[in-house]
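Subject: Structure handover

Hello,

Here is the structure I said I would pass on. My notes on what was found in it follow below.

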Amino acid sequence: MADEKARDLMNAEAAEATPTPAAAEEFKIDKNTLLGQWRAKAYDQNADKGKLRRLWQDYFLSEKAIYAELLKTPDTVVRGSVKELADKFEVTLEKMVGFLDGINDSLIEKNPIETMTEDTEVNLGFDKTRLYKNMVEARADWLYELPEWDAIFTKDEQHALFLEQRKSGTIVKPKKIGRNDPCPCGSGKKYKNCCGRNQ
């Protein structure tokens, strides 16, 4: 029963988190590379929506398991070829390429994901703060709420990082100056008769 509930929750989260076609536009890359093949499949605007949703649901479950394993020993840098890491974490090569694509911005030393082959040596040495914030930015609550984070950051630190990341994406519009308001230049005139005259 609990497993079914968890599966249903992941399915709902995956449906909400499935990348939109607009987001896919920025992911254009040579389709002959591993990364290009992954992105062409994962962000295919013409694919059957149900099939694409299932792909992402399956990927998110694997991604969650890999992160849970990595976060158990956050200061250990896991290294190996793409194929070796796929075997180590018991996922397909395709899923490992997707994982490397997702984690790359959080790594201390970025991997050459655009040109990698299955034999390319890569690392998973991540910056803990940057990884947590990137998970928050991606709205991947199934990742930033993993219990393994509790051994890395206190609940207060997690909350502070969460708020800091959310605020960094918030756009605050400056107060609009009305035509009859005093001019901000300090002249004492109305804005429409001063700096706002030609607007």
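Is Lys 155 buried or exposed? Lys 155 is exposed, since its relative accessible area is 56% and the cut-off for exposed is over 50%. Please keep in mind throughout that this is a predicted model.

Overall layout

The protein has 199 residues, and 38% of them count as buried. Its secondary structure consists of nine helices and two strands. Read from the N terminus, the order of elements is α-α-α-α-β-α-α-β-α-α-α. If one takes the contacts between residues at least 6 apart in sequence, 54% of them join residues at least 24 apart. The exposed area of the protein is about 12600 Å², and 50% of that is supplied by carbon and sulfur atoms.

Helices H3 and H6

Helix H6 covers residues 93-103. Eight of its 11 residues are buried, so H6 is largely enclosed by the rest of the structure. The buried residues of H6 are Lys 95, Met 96, Val 97, Gly 98, Phe 99, Leu 100, Asp 101 and Ile 103. Their cover includes H3, H4, H5, strand E2 (121-123) and helix H7 (128-137).

Helix H3, residues 34-42, has Leu 34, Leu 35, Gly 36, Trp 38, Arg 39 and Ala 42 as its buried residues. These pack against helix H4 (49-72) and against H6. As background for reading such lists, an α-helix has 3.6 residues a turn, so residues three or four places apart point the same way.

Salt bridges

Side chains of opposite charge can pair when their charged atoms come close. The count of salt bridges comes to 10. Three of them are described here, among them the one that involves Lys 155.

Lys 155 pairs with Asp 150, with 3.2 Å from N to O. Asp 150 counts as partly exposed at 39% relative accessibility, while its partner Lys 155 is exposed.

Lys 133 forms a salt bridge with Glu 164, and the closest N and O atoms are 2.4 Å apart. This pair links distant parts of the chain: Lys 133 belongs to helix H7 and Glu 164 to helix H9 (residues 155-168), with their positions 31 residues apart in sequence. Lys 133 is buried, because its relative accessible area is 17% and the limit for buried is under 20%. Glu 164 has a relative accessibility of 43% and counts as partly exposed.

Asp 127 and Arg 130 meet through their side chains in a salt bridge of 3.9 Å, N to O. Both partners are partly exposed: Asp 127 has a relative accessible area of 26%, and Arg 130 has one of 32%.

Phe 162

Phe 162 is another residue of helix H9. Its relative accessible area is 21%, which makes Phe 162 partly exposed. Leaving out residues up to four places away in sequence, Phe 162 touches Tyr 132, Val 136 and Tyr 144. Phe 162 and Asn 134 are 28 residues apart in sequence, and their C-alpha atoms are 9.8 Å apart in space.

Negative patch

Which residues gather in a patch of negative charge on the surface? They are Glu 84, Glu 118, Asp 119 and Glu 121. Glu 84 is in helix H5, residues 82-88. With a relative accessibility of 47%, Glu 84 counts as partly exposed.

Positive phi values

Two residues other than glycine are worth listing for their backbone angles. Glu 90 has a positive phi of about 55°. Glu 90 sits in the loop between H5 and H6, and is exposed, with a relative accessible area of 73%.

Arg 139 also has a positive phi, near 60°. Its place is in the loop between H7 and helix H8 (141-144). Arg 139 counts as exposed at 54% relative accessibility.

That is the end of my notes.

Regards

Notes
Residues numbered from 1 in each chain as written. Predicted model: local features only at pLDDT ≥ 70, side-chain atom pairs only at ≥ 80, totals over all residues. Heavy atoms only, no water. Helix = DSSP H or I, 4+ residues; strand = E, 2+ residues; numbered from the N terminus. Buried < 20%, exposed > 50% of the residue type's maximum accessible area, 1.4 Å probe, protein only. Contact = heavy atoms within 4.5 Å. Areas by Shrake-Rupley, 256 points an atom, 1.4 Å probe, with all protein chains shown as cover. Patch = residues over 30% accessible without salt bridge, like charges linked within 9 Å, V, L, I, M, F, W, Y side chains within 5 Å. Salt bridge = Lys/Arg side-chain N within 4 Å of Asp/Glu carboxyl O. Lys, Arg positive; Asp, Glu negative; His and termini not counted. Charge placed at Lys NZ, Arg CZ, Asp CG, Glu CD.
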